[in-house]
Amino acid sequence: MTSVFQGSLLDLSGEAGPGPLGESVRRTDLDRGAWVDQRPGWIGGADALFERLAENVPWREERRHMYDRVVDVPRLLCFYGEGEPLPDPLLDQALQALNEHYAAELGEGFVTAGLCLYRDGRDSVAWHGDRTGRSSKQDTIVAIISLGQPRSFLMRPRGGGQTLRHEVGHGDLLVMGGSCQRTWEHAVPKTAKPVGPRISVQFRPHDVR
(Lines give C-alpha, C1' and ligand atoms only; values in the text may rest on other atoms or scores of the structure.)
Protein backbone atom coordinates (compact mmCIF):
# COMPACT_ATOMS: atom_id res chain seq x y z
CA MET A 1 0.00 0.00 0.00
CA THR A 2 1.22 3.50 -0.77
CA SER A 3 -0.65 5.25 2.08
CA VAL A 4 -0.61 4.72 5.83
CA PHE A 5 -3.83 3.58 7.46
CA GLN A 6 -4.92 5.61 10.49
CA GLY A 7 -7.53 4.12 12.79
CA SER A 8 -10.51 5.95 14.22
CA LEU A 9 -10.55 7.02 17.88
CA LEU A 10 -14.21 5.98 17.90
CA ASP A 11 -13.20 2.36 17.24
CA LEU A 12 -10.86 1.88 20.21
CA SER A 13 -13.50 0.43 22.54
CA GLY A 14 -16.63 -1.65 22.35
CA GLU A 15 -17.45 -5.08 20.99
CA ALA A 16 -16.28 -6.27 17.60
CA GLY A 17 -19.02 -7.15 15.13
CA PRO A 18 -22.09 -5.61 13.53
CA GLY A 19 -24.29 -3.41 15.68
CA PRO A 20 -28.08 -3.27 15.64
CA LEU A 21 -29.98 -2.29 12.52
CA GLY A 22 -33.72 -1.73 12.85
CA GLU A 23 -34.52 1.86 13.74
CA SER A 24 -30.84 2.86 13.65
CA VAL A 25 -30.95 2.67 9.83
CA ARG A 26 -31.77 6.00 8.18
CA ARG A 27 -33.55 5.70 4.82
CA THR A 28 -33.65 8.39 2.15
CA ASP A 29 -36.19 7.98 -0.63
CA LEU A 30 -34.83 9.06 -4.00
CA ASP A 31 -36.81 9.56 -7.19
CA ARG A 32 -37.92 6.90 -9.70
CA GLY A 33 -38.41 4.23 -7.04
CA ALA A 34 -34.85 4.26 -5.68
CA TRP A 35 -33.76 4.56 -2.06
CA VAL A 36 -30.59 4.53 0.04
CA ASP A 37 -30.12 3.40 3.66
CA GLN A 38 -27.30 4.56 5.94
CA ARG A 39 -26.05 3.22 9.26
CA PRO A 40 -22.87 5.05 10.33
CA GLY A 41 -20.36 3.08 12.41
CA TRP A 42 -22.23 -0.21 12.03
CA ILE A 43 -19.19 -2.47 12.40
CA GLY A 44 -17.52 -2.54 15.80
CA GLY A 45 -13.84 -3.34 15.49
CA ALA A 46 -13.89 -2.03 11.92
CA ASP A 47 -10.27 -0.87 11.93
CA ALA A 48 -8.98 -4.25 13.09
CA LEU A 49 -11.14 -5.88 10.40
CA PHE A 50 -9.62 -3.57 7.82
CA GLU A 51 -6.11 -4.61 8.85
CA ARG A 52 -6.99 -8.33 8.65
CA LEU A 53 -8.58 -8.01 5.22
CA ALA A 54 -5.76 -5.86 3.85
CA GLU A 55 -3.28 -8.51 4.98
CA ASN A 56 -5.13 -11.77 4.26
CA VAL A 57 -7.35 -11.25 1.21
CA PRO A 58 -5.69 -12.42 -2.06
CA TRP A 59 -5.96 -9.03 -3.75
CA ARG A 60 -5.37 -8.93 -7.49
CA GLU A 61 -4.89 -6.33 -10.17
CA GLU A 62 -7.12 -6.34 -13.25
CA ARG A 63 -6.90 -4.84 -16.72
CA ARG A 64 -9.99 -3.98 -18.77
CA HIS A 65 -10.83 -2.74 -22.24
CA MET A 66 -11.67 0.94 -22.18
CA TYR A 67 -12.67 2.32 -25.57
CA ASP A 68 -9.75 1.41 -27.89
CA ARG A 69 -7.17 0.31 -25.32
CA VAL A 70 -6.58 -1.90 -22.28
CA VAL A 71 -6.04 -0.05 -18.99
CA ASP A 72 -5.29 -0.96 -15.37
CA VAL A 73 -8.31 -1.01 -13.06
CA PRO A 74 -7.51 1.73 -10.49
CA ARG A 75 -8.07 -0.44 -7.38
CA LEU A 76 -7.36 -3.98 -6.19
CA LEU A 77 -10.12 -6.58 -6.29
CA CYS A 78 -11.27 -9.89 -4.88
CA PHE A 79 -14.63 -11.64 -5.41
CA TYR A 80 -16.27 -14.34 -3.30
CA GLY A 81 -18.98 -16.19 -5.21
CA GLU A 82 -21.95 -18.16 -3.96
CA GLY A 83 -20.91 -20.85 -1.50
CA GLU A 84 -17.33 -19.60 -1.14
CA PRO A 85 -16.14 -19.01 2.44
CA LEU A 86 -15.67 -15.35 3.33
CA PRO A 87 -12.20 -14.21 4.45
CA ASP A 88 -13.18 -13.20 8.00
CA PRO A 89 -15.77 -14.42 10.55
CA LEU A 90 -16.92 -10.84 11.15
CA LEU A 91 -18.06 -10.66 7.53
CA ASP A 92 -20.13 -13.81 8.11
CA GLN A 93 -21.79 -12.06 11.04
CA ALA A 94 -22.47 -8.97 8.94
CA LEU A 95 -23.93 -11.05 6.11
CA GLN A 96 -26.27 -12.85 8.50
CA ALA A 97 -27.44 -9.57 10.06
CA LEU A 98 -28.09 -8.01 6.65
CA ASN A 99 -30.00 -11.06 5.45
CA GLU A 100 -32.21 -10.95 8.53
CA HIS A 101 -32.86 -7.21 8.27
CA TYR A 102 -33.61 -7.08 4.53
CA ALA A 103 -35.26 -10.52 4.12
CA ALA A 104 -38.80 -9.18 3.72
CA GLU A 105 -37.87 -6.47 1.20
CA LEU A 106 -35.34 -8.46 -0.77
CA GLY A 107 -37.20 -11.77 -0.77
CA GLU A 108 -33.91 -13.66 -0.85
CA GLY A 109 -30.45 -13.55 0.70
CA PHE A 110 -27.22 -11.80 -0.17
CA VAL A 111 -24.94 -14.54 -1.52
CA THR A 112 -21.82 -12.91 -2.99
CA ALA A 113 -19.20 -10.48 -1.68
CA GLY A 114 -17.09 -8.22 -3.86
CA LEU A 115 -14.14 -6.53 -2.17
CA CYS A 116 -12.25 -3.49 -3.46
CA LEU A 117 -9.09 -1.99 -1.98
CA TYR A 118 -8.56 1.70 -2.71
CA ARG A 119 -4.88 2.18 -1.88
CA ASP A 120 -4.87 5.99 -1.93
CA GLY A 121 -6.61 8.94 -3.59
CA ARG A 122 -5.47 7.83 -7.05
CA ASP A 123 -7.66 4.71 -6.85
CA SER A 124 -11.29 5.16 -7.85
CA VAL A 125 -14.36 3.74 -9.56
CA ALA A 126 -16.14 5.61 -12.36
CA TRP A 127 -19.86 6.36 -12.57
CA HIS A 128 -21.83 3.13 -13.00
CA GLY A 129 -24.76 1.03 -11.82
CA ASP A 130 -24.62 -2.65 -10.88
CA ARG A 131 -26.69 -3.66 -13.91
CA THR A 132 -25.12 -7.00 -14.89
CA GLY A 133 -27.69 -9.78 -14.51
CA ARG A 134 -31.20 -9.40 -13.10
CA SER A 135 -30.58 -5.89 -11.82
CA SER A 136 -30.75 -4.57 -15.39
CA LYS A 137 -34.52 -5.18 -15.30
CA GLN A 138 -35.49 -5.83 -11.69
CA ASP A 139 -35.32 -3.95 -8.41
CA THR A 140 -32.67 -5.27 -6.06
CA ILE A 141 -30.56 -4.36 -3.01
CA VAL A 142 -26.78 -3.93 -2.77
CA ALA A 143 -25.25 -3.48 0.70
CA ILE A 144 -21.82 -1.84 1.09
CA ILE A 145 -19.61 -1.83 4.19
CA SER A 146 -16.82 0.78 4.09
CA LEU A 147 -13.67 0.10 6.11
CA GLY A 148 -10.57 2.22 6.56
CA GLN A 149 -10.22 5.89 5.73
CA PRO A 150 -13.40 7.72 4.65
CA ARG A 151 -13.84 8.43 0.95
CA SER A 152 -16.57 10.25 -0.96
CA PHE A 153 -19.27 7.95 -2.32
CA LEU A 154 -21.24 9.89 -4.93
CA MET A 155 -24.71 9.17 -6.31
CA ARG A 156 -26.61 10.88 -9.12
CA PRO A 157 -29.68 10.17 -11.26
CA ARG A 158 -28.82 8.26 -14.40
CA GLY A 159 -28.74 10.76 -17.28
CA GLY A 160 -27.67 13.62 -15.04
CA GLY A 161 -28.99 15.55 -12.08
CA GLN A 162 -28.02 16.65 -8.60
CA THR A 163 -25.15 14.66 -7.10
CA LEU A 164 -25.45 13.31 -3.55
CA ARG A 165 -22.25 12.92 -1.53
CA HIS A 166 -21.73 10.44 1.32
CA GLU A 167 -18.48 10.27 3.30
CA VAL A 168 -18.10 6.61 4.28
CA GLY A 169 -15.42 4.68 6.16
CA HIS A 170 -14.52 3.10 9.52
CA GLY A 171 -17.36 0.54 9.46
CA ASP A 172 -20.18 2.61 7.90
CA LEU A 173 -23.00 0.78 6.11
CA LEU A 174 -24.63 2.13 2.94
CA VAL A 175 -27.38 0.17 1.17
CA MET A 176 -28.86 0.98 -2.25
CA GLY A 177 -32.28 -0.46 -3.02
CA GLY A 178 -35.38 -0.33 -5.18
CA SER A 179 -34.61 0.80 -8.74
CA CYS A 180 -31.30 2.38 -7.65
CA GLN A 181 -29.02 0.26 -9.86
CA ARG A 182 -31.09 1.04 -12.98
CA THR A 183 -32.09 4.64 -12.41
CA TRP A 184 -29.11 6.00 -10.47
CA GLU A 185 -25.33 5.79 -10.78
CA HIS A 186 -22.63 5.81 -8.12
CA ALA A 187 -18.88 6.49 -8.06
CA VAL A 188 -15.83 6.88 -5.83
CA PRO A 189 -13.85 9.69 -7.50
CA LYS A 190 -10.11 10.25 -7.44
CA THR A 191 -8.88 12.90 -5.04
CA ALA A 192 -5.69 14.92 -4.75
CA LYS A 193 -6.13 15.11 -0.98
CA PRO A 194 -3.84 12.91 1.13
CA VAL A 195 -6.15 10.00 2.03
CA GLY A 196 -5.35 6.60 3.46
CA PRO A 197 -6.53 3.24 2.13
CA ARG A 198 -10.16 2.10 2.13
CA ILE A 199 -11.78 -1.32 1.65
CA SER A 200 -15.30 -1.63 0.26
CA VAL A 201 -17.27 -4.86 0.85
CA GLN A 202 -20.30 -5.21 -1.43
CA PHE A 203 -22.90 -7.87 -0.64
CA ARG A 204 -25.25 -8.79 -3.52
CA PRO A 205 -27.99 -11.36 -4.19
CA HIS A 206 -27.82 -14.03 -6.89
CA ASP A 207 -27.12 -12.85 -10.46
CA VAL A 208 -26.44 -9.22 -9.59
CA ARG A 209 -23.08 -7.61 -10.51
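# A tour starting from one residue pair

Begin by selecting Asp37 together with Val175 of strand S13, because in this predicted model Asp37 stands opposite Val175. Widen the selection to the two strands around the pair: strand S3 covers residues 34-39 and strand S13 covers residues 172-178, and the two run antiparallel, joined by six bridges.

Next, show the sheet to which these two strands belong. Seven strands make up this open sheet, and if you follow them in order you pass through S2, S3, S13, S10, S15, S8 and S7, with antiparallel pairing. At the edges you will find S2, which you can select as 26-29, and S7; each of them has a single partner strand, so one side of each is left without a neighbour in the sheet. As you turn the view, look at how the strands sit against each other: neighbouring strands of this sheet are turned by 15 degrees on average, with direction ignored.

Now move to the edge strand S7 by selecting residues 76-80, and colour its residues by burial; the strand is mostly covered, since four of its five residues are buried. Add residues 112-118, which form strand S8, and you can trace the five bridges that join S8 to S7 in an antiparallel arrangement. For one pair to look at here, pick Leu77 of S7, whose bridge partner in S8 is Cys116.

With the sheet still displayed, select residues 89-106 to bring up helix H2, which lies across S2, S3, S10 (142-148), S13 and S15 (198-204). If you compare the direction of the helix with that of S15, you will see that H2 runs at about 45 degrees to this strand.

The next stop is His186, which you will find in strand S14, residues 184-188. Is His186 buried or exposed? Its relative accessibility is 5%, and because a residue under 20% is called buried, His186 counts as buried. To see what surrounds His186, leave aside its neighbours within four places in sequence and display its other contacts, among them Trp127, His128, Asp130, Phe153, Met155 and Gln181.

Finally, zoom out to the whole protein, which has three helices and 15 strands. Of its 209 residues, 52% are buried. If you draw the contacts between residues at least 6 apart in sequence, 79% of them join residues at least 24 apart. Switching on the surface completes the tour: the accessible surface comes to about 10,500 Å², and 50% of it belongs to carbon and sulfur atoms.

Conventions: Residues numbered from 1 in each chain as written. Predicted model: local features only at pLDDT ≥ 70, side-chain atom pairs only at ≥ 80, totals over all residues. Heavy atoms only, no water. Buried < 20%, exposed > 50% of the residue type's maximum accessible area, 1.4 Å probe, protein only. Pairing = 2+ DSSP bridges. Contact = heavy atoms within 4.5 Å. Areas by Shrake-Rupley, 256 points an atom, 1.4 Å probe, with all protein chains shown as cover. Axes fitted to C-alpha atoms, helices over the stretch in contact; angles between N-to-C directions.
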